[in-house]
Amino acid sequence: MEGSAQSTLTFLGGVGTVTGSKTLIETPDGRVLVDCGLFQGKKQLRLQNWADFPVDPSSIDAVLLTHAHIDHCGYLPRLVQHGFLGPVYCTPGTAKLAGIVLPDSGHLHEEEAAYANRKGYSKHHPALPLYTEADARASLERIEPVDFDRAQRVIGDLSATWRRAGHILGAASIDVHLTETEQHVVFSGDLGRRSHPLLVAPAAPGRADVLIAESTYGDRVHDDIDPADLIAATVNKAARRGGVVVIPAFAVDRTEIVLWHLDRLVSTGRIPSLPTFVDSPMALRALDVYRDEALRGSPDVRPEFHGAALFSSLDLRESRTVDQSKEISARRGPMIVISASGMATGGRVLHHLAQRIGDDRNAVLLVGFQAPGTRGDALRSGVREIKLLGRHRAVRANVVTVELSAHADQAELIAWVRSAAPPPAVVYANHGEPHATAAFVERLHLDADLVAVA
């Protein structure tokens, strides 16, 4: 590690990509892993999930999680499966959401393997899940919640403090304090936006001798435009034609942001009140958590929503079972279907896309970052044919991309880094595509006069 011959940082994921975030800290007293994310997207990335872990999992003393998205916590069951026995520290909000996300991930791995075996389109015989729902539930036993802004001793010479990152409920940046050298190494995690409609803004990093910053949107500044116009136009066009709007959305937080926009549009009369299905058991369980946190006045939630019943203007329909999901497929529009996953890499949304994408009365609304190599990225780029559930299908539906990012953009990232006091000795930029990370590093050099490394 910069400035210390006794401690080292090794980036085991999130390098040149926005998935698989894992950073190993090694000190004289032990090993600590910050985030434990699953690789997603391109095949060569996904294959890394099956490779042997770079160090013996049983040699890792603890895991620190920034938040509950799969690309930051989804490898945890695999790590436990291969011998990790230590505590997993995270905020209470992250613990609640991980308790939803990880079992669902294991279940999806099992379902996809079983479906591939039934249809015979996997070249592996038999196709196996990366881990099971039971593996995921076993990993949850390692979790120990820690409140925001409270230092937690992790190993002898290392403590950690979680500060709000405003990305999803419970999301944090983590200040790792190396007590022997008095260094503070701060991990941004995924940094949210000050304009998140439901969550409070990110906290400043404080002292950060070394700062590890995500760079998902390190090469761009979000449009300063209310996305409501594009959402309303897409919904209204499909509704007039009796069509269906399919919205692939991350089950945690992005679904809530989409619902917030739809709720606002319905309440102001800009779109009709259509049946709005949330077809994802994981998304619905996460939605329950957000609703409960708003009602109880969680400090994670913006004060104006304390005690409020979220999304009360919508004709919201919950689809929790497979049979209920099939019933949606049998329905005619107009209606809205929100389903995971957000990049169309798996889950029930694949069935909805397969059912609706060939009809020009329908629309597909992409509402988040689409990693290269994913179906969502292919749709965003305008492909006329796409492979879904083992078959190539024509794309005739109206595909629309709208900016609903819960990630800080380049300007917001730089402002957050510059708010560190004193300025960091070095900034390591990770968790970004190569062009995004390189652009972010360049702006840190030029705008902030900081030493930054991609």
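This is a short talk on salt bridges, one pocket, a surface patch and some backbone details in a single structure. The model is a predicted one, so please keep that in mind throughout.

I'll start with the charged pairs. The structure holds 20 salt bridges, and I will go through a few of them.

Take Asp-229 and Arg-270, which form a salt bridge with their closest N and O atoms 2.6 Å apart. This pair links distant parts of the chain, with the two positions 41 residues apart in numbering. Asp-229 sits in helix H6, residues 228-240, while Arg-270 is in the loop between helix H7 (254-267) and strand S13 (275-279). Are these two buried or exposed? Asp-229 has a relative accessible area of 48%, so it counts as partly exposed. Arg-270 is at 37%, and is therefore partly exposed as well.

Next, Arg-320 and Asp-288. Here the closest N and O atoms of the salt bridge are 3.4 Å apart. Again the pair links distant parts of the chain, 32 residues apart. Arg-320 lies in the loop between strand S14 (315-319) and helix H9 (322-330), and Asp-288 belongs to helix H8, residues 281-295. Arg-320 has 32% relative accessibility, which makes it partly exposed. Asp-288, at 27%, is partly exposed too. This pair does not stand alone: Asp-288, Arg-291, Glu-318 and Arg-320 are linked in a network of salt bridges.

One more pair, Arg-296 with Glu-293, has its closest N and O atoms 2.9 Å apart. The two partners fall into separate accessibility classes. Buried means under 20% relative accessible area, and Glu-293 is at 5%, so it is buried. Arg-296 is at 53%, and the cut-off for exposed is over 50%, so Arg-296 is exposed.

Now the pocket. How much space lies in the second largest pocket? About 370 Å³. It is lined by 18 residues, and the closest to its centre are Arg-193, Ser-195, Ile-225, Pro-227 and His-261. By class, the lining has 7 nonpolar, 5 polar and 6 charged residues.

On the outside, there is a nonpolar patch on the surface formed by Leu-47, Trp-50 and Leu-128. Together these residues have about 330 Å² of accessible area. Trp-50 is placed in the loop between helix H1 (43-46) and strand S4 (62-64). Its relative accessible area is 41%, so Trp-50 counts as partly exposed.

Last, the backbone. Which peptide bonds should you look at for cis geometry? One is the bond from Gly-333 to Pro-334, with omega near 5°. Pro-334 is in the loop between H9 and strand S15 (335-339). Another cis bond joins Ala-421 and Pro-422, where omega is about -5°. Pro-422 is in the loop between helix H12 (410-418) and strand S20 (426-430).

There are also two aspartates to check in phi. Asp-35 is not a glycine, yet has a positive phi of about 70°. It is found in the loop between strand S3 (30-34) and H1, and with a relative accessible area of 4%, Asp-35 is buried. Asp-253 likewise has a positive phi, about 85°, without being a glycine. Its place is in the loop between strand S12 (244-248) and H7. Asp-253 is buried, at a relative accessible area of 1%.

That is the end of my list.

Key
Residues are numbered from 1 along each chain as its sequence is written. This is a predicted model: local features need pLDDT of at least 70, side-chain atom pairs count only at pLDDT 80 or more; totals for chains, interfaces and linings use all residues. Side-chain values use heavy atoms; hydrogens and water are left out. Patches are made of residues with over 30% relative accessible area and no salt bridge: like charges are joined within 9 Å, nonpolar side chains (Val, Leu, Ile, Met, Phe, Trp, Tyr) within 5 Å. Accessible areas come from the Shrake-Rupley method with a 1.4 Å probe; for residues, only the protein chains shown count as cover. A salt bridge is a side-chain nitrogen of Lys or Arg within 4 Å of a carboxyl oxygen of Asp or Glu. Helices (H or I, at least four residues) and strands (E, at least two) are DSSP runs, numbered from the N terminus. Buried means under 20% relative accessible area, exposed over 50%, partly exposed in between (1.4 Å probe, protein chains only). On a 1 Å grid over the protein atoms alone, a cavity is a set of points where a 1.4 Å probe fits but cannot get out, and a pocket is an open set with protein on both sides within 12 Å along at least five of seven lines; lining residues have an atom within 4 Å of a point. Grid points are joined across faces, edges and corners, and a volume is the space filled by probe spheres set on the points. Ala, Val, Leu, Ile, Met, Phe, Trp, Tyr, Cys and Pro count as nonpolar, Asp, Glu, Lys and Arg as charged, and the others, Gly among them, as polar.
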